[in-house]
Each structure stands twice: as structure tokens, then as C-alpha cells.
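Trainee: Please take me through the ligand site of this model in detail, and then on to the residues that you would look at next.

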Amino acid sequence: MDIKMITFQEHGDDRGQLIALETQKEIPFDIKRVYYMYETGLNVRRGYHAHKSLKQVLICIHGSCKIHLDDGKENTEVILDKPNVGLYVDNLLWREIYDFSRGAVLMVLASEYYDEKDYIRDYRKFIEYTKMEKK
Ligand code: T46
């Protein structure tokens, strides 16, 4: 499976590091929404859905977590554990997020406003959807 990781430029000096993320520069879409999850329980697994059209970049800005991605044919696991690395998650990818370390903060930059109608929450429907899209 083709996974796109984006390494962001660090603007470091003797005070520490700083990362800047701009629409259509480091992030390959117009950012319409930012959300982040924190205080996630140690054995929590979240996600369990795909998006019809939403594109996102996931950055674990503190701690670590794992992302399971499935395109309907293949699947893979990605570890996010660096604040200067983002995972680009295209539409029509089933995702599950788990193994959050204590204190982990997962920030997500999204290409669209929140829209429940964009979610595919049933795995069988997701598989049907991926087949329809390829016709
Ligand atoms: C995704 C993964 C990585 C909002 O009100 N606005 C928002 O923008 C979002 C993302 C969520 N919510 C509400 C909806 C639920 O009542 O926050 C609650 C938790 O959201 P959800 O159960 O969808 O969280 P996850 O971790 O299953 O999924 C989220 C995103 O929804 C999803 O797009 O790709 O993180």
C-alpha cells in the first residue's frame, strides 16, 4: 500500500523547535478544520470508518499512536511518534487508531468541515463503495 508520510521542516534554534504548516504548502489541501485528541485511554481503539471525500493529515504532536489503514485490498500499520512527521490519509481508506501512549496528542488537519454524511461506518459498505468508485 502506498503511504504518504510528510516530513515537516523544523525551524530550530537554541530556544527549541517550531513547525509551521500552511495550506497547499506543507499540507496538500486547503485546511478547513483542525481537531485533536488527547487523554485517550491506553486500550482505546477509535476510528473504525472511512471517508467518502475527506482528506486529512495526522500528526502525533506528543507521544505516539498507531494507525491501521485499509484501502479495501491491502492494509498496513503506521506508527506516528514524531511531531515533525505527518501521515496523509486520503479518502476511501478505512482507519483505526490505537496504542496511544500516555499523554499522546494526535492532531488532525482536515480538508472539509465536519460532516457526518461523509463517514462510511460499516466495513462491508466501505468495501462495496471502493468497488463502485473503481468502476
Ligand atoms: C478520523 C479520525 C482520525 C465533531 O463534533 N467535530 C469533528 O470535527 C470531529 C472529528 C468529531 N466531532 C464529534 C463527533 C463525535 O461525537 O466528536 C465526537 C468524536 O468523534 P469520532 O467518534 O468521529 O472520533 P474518531 O476518533 O472515531 O474519528 C476521528 C474523526 O471523526 C475522523 O474523521 O478520521 O478521528
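Mentor: What follows begins at the ligand and then moves outward through the strands and loops.

This is a predicted model, so local features are taken only where pLDDT is at least 70 and side-chain atom pairs only at pLDDT 80 or more, whereas totals for chains, interfaces and linings use all residues. Residues are numbered from 1 along each chain as its sequence is written, and side-chain values use heavy atoms, with hydrogens and water left out.

The ligand is surrounded by 13 residues, of which Arg33, Arg46, His51, Gln56 and Tyr119 are the closest; a residue counts as near when one of its heavy atoms lies within 4 Å of the molecule. Three polar approaches to ligand oxygen atoms can be followed here, a polar contact being a pair of N or O atoms within 3.5 Å (within protein, one must be able to donate a hydrogen and the other to accept it, and residues adjacent in sequence count only if both atoms are side-chain atoms). His51 places a polar side-chain atom 2.6 Å from a ligand oxygen, Gly47 has a polar backbone atom 3.0 Å from one, and a polar side-chain atom of Tyr35 lies 3.3 Å from one. Taken alone, the ligand exposes 650 Å², and the protein buries 67% of that, with areas computed by the Shrake-Rupley method and a 1.4 Å probe (for residues, only the protein chains shown count as cover). Two or more residues of the shell come from each of β2 (33–37), β3 (46–51) and β8 (94–98), and β3 gives the most, with 4 residues. Strands here are DSSP runs of E with at least two residues, and helices are runs of H or I with at least four, numbered from the N terminus. By residue class the shell divides into 5 nonpolar, 4 polar and 4 charged; Ala, Val, Leu, Ile, Met, Phe, Trp, Tyr, Cys and Pro count as nonpolar, Asp, Glu, Lys and Arg as charged, and the others, Gly among them, as polar.

Tyr35 leads on to strand β9, for it is one of the residues touched by Leu106, which lies in that strand. Leu106 is buried at 0% relative accessibility, where buried means under 20% relative accessible area, exposed over 50%, and partly exposed in between (1.4 Å probe, protein chains only). Its contacts, with residues up to four places away in sequence not counted, also include Tyr36, Met37, Leu58, Ile97 and Phe100, contact meaning heavy atoms within 4.5 Å. Among the residues that Leu106 touches are Cys60 and Cys65 as well.

These two cysteines deserve a careful reading. Both Cys60 and Cys65 are buried at 1% relative accessibility, and the sulfur of Cys60 has its closest cysteine sulfur in Cys65, at 4.1 Å, which is too far for a bond. A disulfide is defined as a pair of cysteine sulfur atoms within 2.5 Å, and the structure holds 0 of them.

The strands that supply the shell also border two loops with an unusual backbone angle to note. Glu39, in the loop between β2 and β3, has a phi near 55°, a positive value in a residue other than glycine, and is exposed at 73% relative accessibility. Asp99, in the loop between β8 and β9 (105–110), likewise has a positive phi of about 55° although it is not a glycine, but it is partly exposed, at 39%.

Two further aspartates are worth inspecting through their side-chain partners. Asp70, in strand β5 (residues 65–70), is buried at 6% relative accessibility, and its side chain makes a polar contact of 2.6 Å with that of Tyr123. Leaving aside neighbours within four places in sequence, Asp70 is also in contact with residues including Met1, Asn75, Trp94 and Phe126. Asp30, in the loop between β1 (4–7) and β2, is partly exposed at 43%, and its side chain joins that of Gln24 in a polar contact of 3.0 Å. With the same sequence neighbours left aside, Asp30 is in contact with Thr23, Gln24, Ala110 and Ser111.

Finally, Asn84 sits in the loop between β6 (75–80) and β7 (85–89), yet counts as buried at 14% relative accessibility. Beyond four places in sequence, Asn84 is in contact with Ile6, Thr7, Phe8, Glu10 and Ile19.
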